[in-house]
Amino acid sequence: MKKSQKKRTKKASKPIKGNEQSFNDLGIEPPKIYRESQRTVYSDSANRERRQPGRKADNLTHAEKRQKDNKKRKKRNKFRKVLIWLMIIIAFAATGTVLSLTVFFHIDTIEVIGDTNYELNEILAQCTIDKGENLFLSDTQTAKQMLEQNLPYIYNAEIKRKLPYTIEIQITTAQPAYSIMNKDKTYILLDDRFKVLEESAEKSRGITIQKAEIESAAAGMRIIFKDSDVGDCLSKLAKTVNDNSFSEITAIYCNNINDNYVVYDGRIEFKLGTCDNLEKKIYQGLTACAELNNSNPNATGTMTITGDKSLYFTEK
């Protein structure tokens with residue numbers, strides 16, 4: 001009896017091995033048996049994931065979903081309100097712009113302010129802005145340019161719009177600053193920007209520009225010299241004299257870019273060389289002339305100024 005029981009036990013254990021072998025043959029991993037401690041760890045980690053605020057919407061409660069939907073709805077409603085108000089504001093602005101450019105703000109008054117050599121009707125005739133035009137569409141820049149060009153003694157025409165219906169033109173009068181003698185003994189008069197004020201004035205005004213060959217000199221336009229380098233040097237000489245108020249200087253001229261002159265009191269030429277350090281050179285000449293006048297107030301000649309401390313005077 002004992003031998004037969006042992007044999008039965010051995011035969012009963014064979015099916016278990018057979019099952020394990022069949023799982024392996026089918027490529028299926030046999031079921032795992034977890035310990036109680038492992039199950040507790042996995043359960044705790046799953047619970048923590050559910051409690052995290054960033055979990056998926058599927059894990060949200062009904063109340064949380066409703067709260068989230070309400071927030072989204074409020075944001076959408078707020079955005080719609082802002083968009084509607086923005087569209088209303090744009091519509092009002094567009095309507096106001098159209099009305100101001102078509103119906104309202106038509107010019108009915110053009111005022112001229114400031115001392116001027118011209119009559120009011122002369123100024124209005126040259127102004128390109130007319131009554132009845134829209135105040136905001138009027139071309140003030142072109143009007144300014146035409147006034148200063150066609151009426152040469154207007155140094156600056158500042159044009160302003162004044163609501164609701166007025167254009168104001170503030171005139172600054174040009175003053176002759178330089179003269180150039182013509183062949184017929186008349187004079188071309190220039191302002192301090194070398195704009196031609198008159199082409200054949202009877203008398204000279206301001207500082208004389210000598211030995212200048214002219215390409216064109218039309219009233220209201222800037223004078224053009226035949227040699228552009230000479231023109232640039234004359235501009236630099238004139239600007240230095242004007243900026244420093246050298247009232248003792250009565251004439252300027254330029255032979256070339258390396259041979260520039262100013263004339264002191266109509267009797268002493270300052271030979272300045274190039275246009276470098278003009279202010280310093282002229283100050284040196286004026287200081288030397290002040291000392292020379294103490295000994296010989298009527299001296300005439302040429303004072304050569306090189307730009308350093310040395311200078312010398314050649315009397316005629």
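1. Asp191 is buried, because its relative accessible area is 0%, which falls under the 20% limit used for that word. In this predicted model, Asp191 nevertheless has a charged partner, since a salt bridge links Asp191 to Arg193 with the closest N and O atoms 4.0 Å apart. Arg193, at a relative accessible area of 38%, is partly exposed, and the pair therefore joins a buried acid to a partly exposed base.

2. Next to Arg193 in the numbering comes Phe194, which lies in the loop between β5 (187-190) and β6 (196-201). The backbone of Phe194 deserves a look, as its phi is positive, about 70 degrees, although the residue is not a glycine. Most residues other than glycine have a negative phi. Phe194 counts as buried, because its relative accessibility is 3%.

3. A positive phi is also found at Ser245, where the angle is near 50 degrees, again in a residue other than glycine. Ser245 sits in the loop between α6 and β10 (249-256), and because its relative accessibility is 60% it counts as exposed. A reader checking the two sites will thus find Phe194 buried and Ser245 exposed.

4. A further backbone feature is the peptide bond between Leu163 and Pro164, which is cis, with omega at about 5 degrees. Most peptide bonds are trans. Pro164 belongs to the loop between β2 (154-162) and β3 (166-173), and the residues of the salt bridge between Glu168 and Lys162 can be inspected together with that loop.

5. In that salt bridge, the closest N and O atoms of Glu168 and Lys162 are 3.4 Å apart. Glu168 is buried, because its relative accessible area is 10%, whereas Lys162, at 39% relative accessibility, counts as partly exposed. Glu158 and Lys160 form another salt bridge, with their closest N and O atoms separated by 4.0 Å. Here Glu158 is partly exposed, with a relative accessible area of 38%, and Lys160 is likewise partly exposed, with a relative accessible area of 36%. A search of the whole structure finds 6 salt bridges, including the one between Glu158 and Lys160.

6. Thr140 has its place in helix α5, which covers residues 140-150. At 19% relative accessibility, Thr140 counts as buried, because the limit for that class is under 20%; the assignment should be read with that limit in mind. When neighbours within four places in sequence are left aside, the contacts of Thr140 are with Ile129, Ile159 and Arg161.

7. Leu292 is found in helix α7, made up of residues 278-295, and is buried, with a relative accessible area of 18%. Not counting residues up to four places away in sequence, Leu292 touches Ile268, Pro297, Ala299 and Phe313. Of these partners, Phe313 is 21 residues from Leu292 along the chain, and the C-alpha atoms of Leu292 and Phe313 are separated by 9.6 Å.

8. On the surface, a patch of positive charge gathers Lys68, Lys72, Arg73, Arg76 and Arg80. Arg80 is found in helix α3, which runs over residues 62-102. Because its relative accessible area is 45%, Arg80 is described as partly exposed.

9. A patch of negative charge is also present on the surface, formed by Glu213, Asp227, Asp229 and Asp232. Asp232 has its place in helix α6, residues 228-243, and, at 45% relative accessibility, counts as partly exposed.

10. For the chain as a whole, 7 helices and 14 strands are present, and buried residues make up 29% of the 316 residues. Among contacts with a separation of 6 or more, 45% are accounted for by residues 24 or more positions apart. The accessible surface of the protein chain comes to about 21900 Å², and 52% of that area belongs to carbon and sulfur atoms.

Key:
Residues are numbered from 1 along each chain as its sequence is written. This is a predicted model: local features need pLDDT of at least 70, side-chain atom pairs count only at pLDDT 80 or more; totals for chains, interfaces and linings use all residues. Side-chain values use heavy atoms; hydrogens and water are left out. Patches are made of residues with over 30% relative accessible area and no salt bridge: like charges are joined within 9 Å, nonpolar side chains (Val, Leu, Ile, Met, Phe, Trp, Tyr) within 5 Å. Accessible areas come from the Shrake-Rupley method with a 1.4 Å probe; for residues, only the protein chains shown count as cover. A salt bridge is a side-chain nitrogen of Lys or Arg within 4 Å of a carboxyl oxygen of Asp or Glu. Lys and Arg count as positive and Asp and Glu as negative; His and the chain ends are not counted. The place of a charge is taken as NZ of Lys, CZ of Arg, CG of Asp or CD of Glu. Helices (H or I, at least four residues) and strands (E, at least two) are DSSP runs, numbered from the N terminus. Buried means under 20% relative accessible area, exposed over 50%, partly exposed in between (1.4 Å probe, protein chains only). Contact means heavy atoms within 4.5 Å.
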